[in-house]
Number of protein chains: 2
Amino acid sequence: MKLYYFPGAPSPRKVGLFISEKGLDIPTEILNIRAGEHRTKKFAATHPGLTLPVLVLDDGACITESLAIAHYLEQENPEPNLFGLDSKEQALVLMWHDIAMFEGYLGIQERLRNSPEFGEARALPGPVPFEQIPALIKRGEKRITTFFDKVERRLSESSFLAIERYTYADLATYIYLEFAQRVTGKNLYHEREHLADWAERISKRPAVTAIAD
Amino acid sequence: MKLYYFPGAPSPRKVGLFISEKGLDIPTEILNIRAGEHRTKKFAATHPGLTLPVLVLDDGACITESLAIAHYLEQENPEPNLFGLDSKEQALVLMWHDIAMFEGYLGIQERLRNSPEFGEARALPGPVPFEQIPALIKRGEKRITTFFDKVERRLSESSFLAIERYTYADLATYIYLEFAQRVTGKNLYHEREHLADWAERISKRPAVTAIAD
């Protein structure tokens, strides 16, 4: 098994934190996305989609998409449980994870990838060039704000997002929160007291401090 | 248990086809999205996110997001299996489903929701208004084409998307294909022979003909 990884981008970082929470030791090759190390012919032979993370299984099967990788590792290593124990818990974890992906992560992606400093024609991940659309910078910021307002409302009624303990939904959302603050330069804790309390609790988890940069 | 549903939008339609494949009988209320029946105070009390589909469990828990709903129904009704039998199969199904969501569905959404005929300030789903960005119409079409080119390449090496039998990944992609053709007015089978063959096989499934409009 081998993981292709980069700690500075949110999707691979989610899988890195998941592995840290599970206490797993997986052979890893870091490809620096900022230096374009994932956009080479060599890596395209492994994964033509040119995204990270990628988990290559011992039989050569290539698993992309962070949810699929984390779910695979959960099935192979059930403890500690991060995807829910019964069908209802699992549904709530998948639900909050998809909300975080569609309402949080996509906003962060719009904000980051359409900015002049990101570089042209990479407004979407992958091998096909997509031109930047400057109007998406502002829309991305609005999506980020809207998402963390929703998380704040949810955390005013529950200690964690999906169920009453830490799950993959919290893990993903925490990575997005950290990344959103870095990308926007804004303090998202400001005037969101439940979010701030939740983030502080997560920041103190041993698995989180172990992967801190 | 109760399902809030609309057959004319791809996310609820995926769950409708999933229920048809499973042979389940679930009490259902149709809310006509085109007539705005999901944007009412009454429905907001059930689901403030104002999206469909929503599955309300007998204990009142509200499951949104089509993947979460389908996964719940799969856990409660394991046969026929549509999410994979072991950890590797499940990872490949989730992987191709997420590829279809991010590379297919989001393109369809951009193409549809930024068009003048869709109506203003609903460029993204949910209760918060987002203005249309006309440049996303063309980008959405390019994403759709890019996605179905990728599906064509995959189907040139495999009879189905994730594993060598029909799964939720095929189900979702088939719904997106049908919807993309309706939204763009383009024949996506043209010059994609493996896609055409795959779609013809799926179109003849009893569960598909049972939900045809």
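In the predicted model, in which local features need pLDDT of at least 70, side-chain atom pairs count only at pLDDT 80 or more, and totals for chains, interfaces and linings use all residues, the buried residues of helix H5 of chain B are B:Leu136, B:Arg139, B:Gly140, B:Glu141, B:Arg143, B:Ile144, B:Phe147, B:Phe148, B:Val151, B:Glu152, B:Arg154 and B:Leu155, where buried denotes under 20% relative accessible area with a 1.4 Å probe and protein chains only. Residues are numbered from 1 along each chain as its sequence is written, chains are lettered from A in the order in which they are written, and side-chain values use heavy atoms, with hydrogens and water left out.

The buried residues of H5(B) pack against helix H5 (135-155) of chain A, and also against helices H4 (87-113), H6 (168-184) and H7 (193-203) of chain B, contact being defined as heavy atoms within 4.5 Å. Helices are DSSP runs of H or I with at least four residues, strands are runs of E with at least two, and both are numbered from the N terminus. The end C-alpha atoms of H5(B), a helix of 21 residues, lie 31 Å apart, which agrees with the 30 Å expected at 1.5 Å a residue, the expected span being 1.5 Å times one less than the number of residues.

Chain A is superposed on chain B by a rotation of 180° with 0.0 Å of shift along its axis, at an RMSD of 0.0 Å, the fit being by least squares on the C-alpha atoms of residues with pLDDT of at least 70 in both copies. The two copies are thus related as by a two-fold rotation axis, and 100% of the contact residues of chain A recur in chain B.

Chain A contains eight helices and four strands, which run β-α-β-α-β-β-α-α-α-α-α-α from the N terminus on.

Note on methods. Buried means under 20% relative accessible area, exposed over 50%, partly exposed in between (1.4 Å probe, protein chains only).
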